[in-house]
Amino acid sequence: MTAQRHGGCLCGQVRYSVTGDPLRVGLCHCTDCRRSSGSAFTFYAIWPRAAFSGGGRTSSHKGRDFCPACGSRLYSLTDTEAEIMLGTLDEAPTDQVPQYELWTPRREPWLHALPGAEQFPGDR
């Protein structure tokens, strides 16, 4: 049976689902991710675009879709991939484990490298 995961924004006006396992899972410490998330890093996974379906009105800034009502950053869609912010999944904690970290020179000094995750000083 193929796994299906569901998620959405804080206010519930935007919902989405992804089917199957992600292609990859990562953490990013870049300035854009820090600012758009309001946190020290983002935790996300990439699915094939065909595995994604969504409903509800979103707004977009620099390819990042968010709910215009509550501001939750949800996903980024391209023709081939769907990048999902894993904190927006309904199930917590998630079973997804980061395989890599990006922009590690920007990682907060009190955060240690994630054991077993490949480390990149910039993009992959």
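# Briefing: charged pairs, core and cysteines

The structure holds seven salt bridges, and it is a predicted model. Alongside these charged pairs there are five aromatic pairs, while the count of disulfides comes to zero. The points below take up the salt bridges, the nonpolar cores, the aromatic residues and the cysteines in turn.

**Salt bridges**

- Side chains of opposite charge can pair when their charged atoms come close.
- R5 pairs with D95 in a salt bridge whose closest N and O atoms are 3.1 Å apart; R5 belongs to strand β1 (residues 4–8) and D95 to the loop between β9 and β10 (100–102), so that the bridge links distant parts of the chain, 90 residues apart.
- The two partners of this bridge differ in burial, since R5 counts as buried at 12% relative accessibility, whereas D95 is exposed, with a relative accessible area of 54%.
- E108 and R34 form another salt bridge, with 2.5 Å between the closest N and O atoms, and it joins the loop between β10 and β11 (118–119), where E108 lies, to helix α1 (residues 31–37), which holds R34, across 74 residues.
- R34 itself is partly exposed, with a relative accessible area of 24%.
- E83 and R73 also form a salt bridge, their closest N and O atoms being 3.4 Å apart; E83 sits in strand β9 and R73 in strand β8, ten residues apart.
- Within this pair, E83 counts as partly exposed at 21% relative accessibility, while R73 counts as buried at 12%.

**Nonpolar cores**

- In soluble globular proteins, nonpolar side chains tend to be buried together.
- The largest nonpolar core has 16 residues, of which V14, Y16, W47, F52, Y75, I84 and L86 touch the most other members.
- Strands β2 (15–19), β4 (42–48), β8 (73–77) and β9 (81–85) each supply at least two residues of this core.
- Once neighbours within four places in sequence are left aside, L86 is in contact with V25, F43, Y44, A45, W47 and Q96.
- Another core, of nine residues, lies apart from the largest one and has I46, M85, Y100 and L102 among its members.

**Aromatic residues**

- Y16, F52 and Y75 form one aromatic cluster; Y16 and F52 are buried, and Y75 is buried as well.
- The rings of Y16 and F52 are stacked, because their planes lie at 20°, with the ring centres 6.2 Å apart.
- This stacked pair ties together parts that are 36 residues apart in sequence, because Y16 lies in strand β2 and F52 in strand β5 (residues 52–55).
- The rings of Y16 and Y75, by contrast, are edge-to-face, because their planes lie at 80°, with the centres 5.8 Å apart.
- This edge-to-face pair ties together parts that are 59 residues apart in sequence, with Y16 in strand β2 and Y75 in strand β8.
- Outside this cluster, R124 lies over the face of Y100, at 5.1 Å from the ring centre.

**Cysteines**

- A disulfide requires cysteine sulfur atoms within 2.5 Å, and by this rule the count comes to zero.
- C30 is in no disulfide, the nearest cysteine sulfur being that of C28, 3.5 Å away; C30 is buried, with a relative accessible area of 13%.
- The sulfur of C33 likewise has its closest cysteine sulfur in C28, but at 3.7 Å this is too far for a bond; C33 is buried, with a relative accessible area of 8%.

Terms used
Residues numbered from 1 in each chain as written. Predicted model: local features only at pLDDT ≥ 70, side-chain atom pairs only at ≥ 80, totals over all residues. Heavy atoms only, no water. Buried < 20%, exposed > 50% of the residue type's maximum accessible area, 1.4 Å probe, protein only. Core = buried A, V, L, I, M, F, W, Y, C linked by side-chain atoms within 4.5 Å. Helix = DSSP H or I, 4+ residues; strand = E, 2+ residues; numbered from the N terminus. Contact = heavy atoms within 4.5 Å. Phe/Tyr/Trp six-rings, centres within 6.5 Å; stacked < 30°, edge-to-face > 60°. Lys NZ or Arg CZ within 6 Å of the ring centre and 35° of its normal. Salt bridge = Lys/Arg side-chain N within 4 Å of Asp/Glu carboxyl O.
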